[in-house]
Amino acid sequence: VFDEVCETTGVTLTRFMIEVAFLNPEMQELPALFSGISTACKAISDMVKRSQLTGLVGYADGGGSINVQGEEQKTLDIMTNDVLKRALRFTGKLGVLASEEEDTPVGVPLNPKDVVFDETSKYTAVFDPLDGSSNVDAGIPTGTIFGIFEHDDECEIAEGGSMTEDELLCLQNTLKPGTDLIASGYCLYSSSCFFVVTLGAGVYGFTLDENIGEFVLTHPNIKVPETSKIYSFNEANMPQWDVPMRETVEKWRLGTGASGNSFTSRYIGSMVGDVHRTLLYGGVFGYPSDKKNVNGKLRLLYEGAPMSFLMEQAGGLSTDGRGRVMEIVPKEVHQRVPIIMGSKKDVQEVIDAYAKSK
Ligand code: AHG
Ligand code: MN
Ligand code: MN
Ligand code: MN
């Protein structure tokens, strides 16, 4: 047993990724990419933790900086976006990335004079640099969400030339469904700094050991409980929800749902924190369709799909009420999607309620 404990607690993210690449030659570029992402997350964790002392709080330009979502950007929204873009670019493994805080996808060739795609830039990254940022000034947990796609080979951009319409479309080729993701994960900035990742073969959780500055494996092979007693929604929107969603939550409240469990409510308003608790404790987290926002609030490309990949890999479900979130092909980068995800049997109850309402 001692060897096992030593084996598990001593496995750092760096070593984990090297072993993954050793066993899966097609993933040999991933250790460098994950080194960039995890280093950026450590830097963001420090920035967020110290923001009250360094004055990195409040809204950028006194609230005058509005992102493509129409949201007032926090100072940290912008700074964390820069940290991630820089870290990803200097891995030299990326051709293009899409971010909540960028109007359109941006090319990140290692050498600015280079073409956007070359043989080394194998990957496309999508990310939400600071999720739950409305909470950040109150010290409530926030996070970073990321997804990694392989980029399309035919998506070559001419030597340093100006982009044709097709090439611009190519640059936009971040518009892929969750089923095309080769990796996704999040970093949660809370009482601990957690780095949770899937490469398509299970979900692995690491915790930052600040004494050695490394993410250490603490949750090998996370599995979400099949049923639960926790639902996690912004209940202020409940009167506007679709009827099947509303009726199911009303049953959970009364203990008259399929599981017979009486549910409690837990909602922190930061997707990363709510999803992390759901993965570990079980539950149903969501931002369903409502009359005001028929596509809900969460963005498909860099919130919905990466988190759905994790949830499904942990044995849970993730639906928009009618189908798998993972199968939805984005039509535009910041497209929103209704999401209900978590414990398999409880989410199935929502799917069945929608099916019956047809
Ligand atoms: P972001 O801070 O990246 O814009 O995301 C905020 C999202 C998500 O983190 C959370 O689940 C949801 O907004 C909360 O929305 P409400 O405040 O409307 O409940
Ligand atoms: Mn935002
Ligand atoms: Mn977000
Ligand atoms: Mn965000």
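Start by selecting helix α7, residues 271-281, in this predicted model. Of its 11 residues, 9 are buried, so the helix is largely enclosed by the rest of the structure. To see which ones, colour M271, V272, G273, D274, V275, H276, R277, T278 and L279: these are the buried residues of α7. Then step just past the end of the helix and click on G282, where phi is positive, at about 90°.

**Ligand 1**

Keep M271 highlighted and bring up ligand 1. There are 18 residues around this ligand, and M271 is among those that come nearest, together with D131, G132, Y267 and Y287. Three polar neighbours are worth a click. In D131, a side-chain N or O atom is 2.7 Å from an oxygen atom of ligand 1. In G132, it is a polar backbone atom that sits 2.7 Å from an oxygen of the ligand. Now select K297, which has a polar side-chain atom 2.9 Å from a ligand 1 oxygen.

**Two manganese ions**

D131 also leads to the next stop, the manganese ion labelled ligand 3. Which residues hold this ion? Select D128, D131 and E303: they coordinate the manganese ion (ligand 3) through OD, OD and OE atoms, at 1.9 to 2.1 Å. Along the sequence these donors follow the spacing D-x2-D-x171-E. Both aspartates, D128 and D131, are buried.

Next, pick the other manganese ion, ligand 2, which is 5.5 Å from ligand 3. Its protein donors are the OE atoms of E71 and E100, lying 2.0 to 2.2 Å from the ion. E71 belongs to the loop between α3 and α4 (75-89), while E100 belongs to the loop between β1 (94-99) and β2 (106-107), so the pair ties together parts that are 29 residues apart in sequence. Is each donor buried or partly exposed? With 23% relative accessibility, E71 counts as partly exposed. E100, at 4%, counts as buried.

**A neighbour in the β1-β2 loop**

Stay in the loop between β1 and β2 and select E102. This residue has 13% relative accessibility and so counts as buried. What does the side chain of E102 reach? Look for N81, whose side chain makes a polar contact with that of E102 at 2.8 Å. Leaving out residues up to four places away in sequence, E102 touches V68, N81, K85 and H334.

**The nonpolar cores**

Now hide the ligands and look at the nonpolar side chains. The largest nonpolar core has 41 residues, and those with the most contacts inside it are L30, F34, L88, I148, F195 and L199. Select helix α3, residues 30-54, to see the element that gives the most to this core, with 9 residues.

For a closer view, centre on I148. Beyond its neighbours within four places in sequence, I148 is in contact with L33, I37, Y123, T124, A125, L181, I182 and A183. Apart from this core lies another, of 34 residues, including I222, F285, Y287 and M326. You have met Y287 already, among the residues that come nearest to ligand 1.

**The C-terminal stretch**

For the last stop, select residues 224-354. An unreviewed UniProt entry places the feature "domain: Fructose-1-6-bisphosphatase class 1 C-terminal" here. Colour the stretch by secondary structure: 37% of residues 224-354 is helix and 12% is strand. Finally, mark the C-alpha atoms at the two ends of this stretch, which are 23 Å apart.

Conventions: Residues are numbered from 1 along each chain as its sequence is written. Chains are lettered from A and ligands numbered from 1 in the order in which they are written. This is a predicted model: local features need pLDDT of at least 70, side-chain atom pairs count only at pLDDT 80 or more; totals for chains, interfaces and linings use all residues. Side-chain values use heavy atoms; hydrogens and water are left out. A nonpolar core is a set of buried Ala, Val, Leu, Ile, Met, Phe, Trp, Tyr and Cys residues joined through side-chain atoms within 4.5 Å. Buried means under 20% relative accessible area, exposed over 50%, partly exposed in between (1.4 Å probe, protein chains only). Helices (H or I, at least four residues) and strands (E, at least two) are DSSP runs, numbered from the N terminus. Contact means heavy atoms within 4.5 Å. Donors are N, O and S atoms within 2.8 Å of the metal (3.2 Å for Na, K and Ca); water is not among the atoms, so sites may look incomplete. UniProt positions are given in the numbering used here, feature names are shortened, and annotations may be inferred rather than shown by experiment. A residue is near a molecule or strand if one of its heavy atoms lies within 4 Å of it. A polar contact is a pair of N or O atoms within 3.5 Å; within protein, one must be able to donate a hydrogen and the other to accept it, and residues adjacent in sequence count only if both atoms are side-chain atoms.
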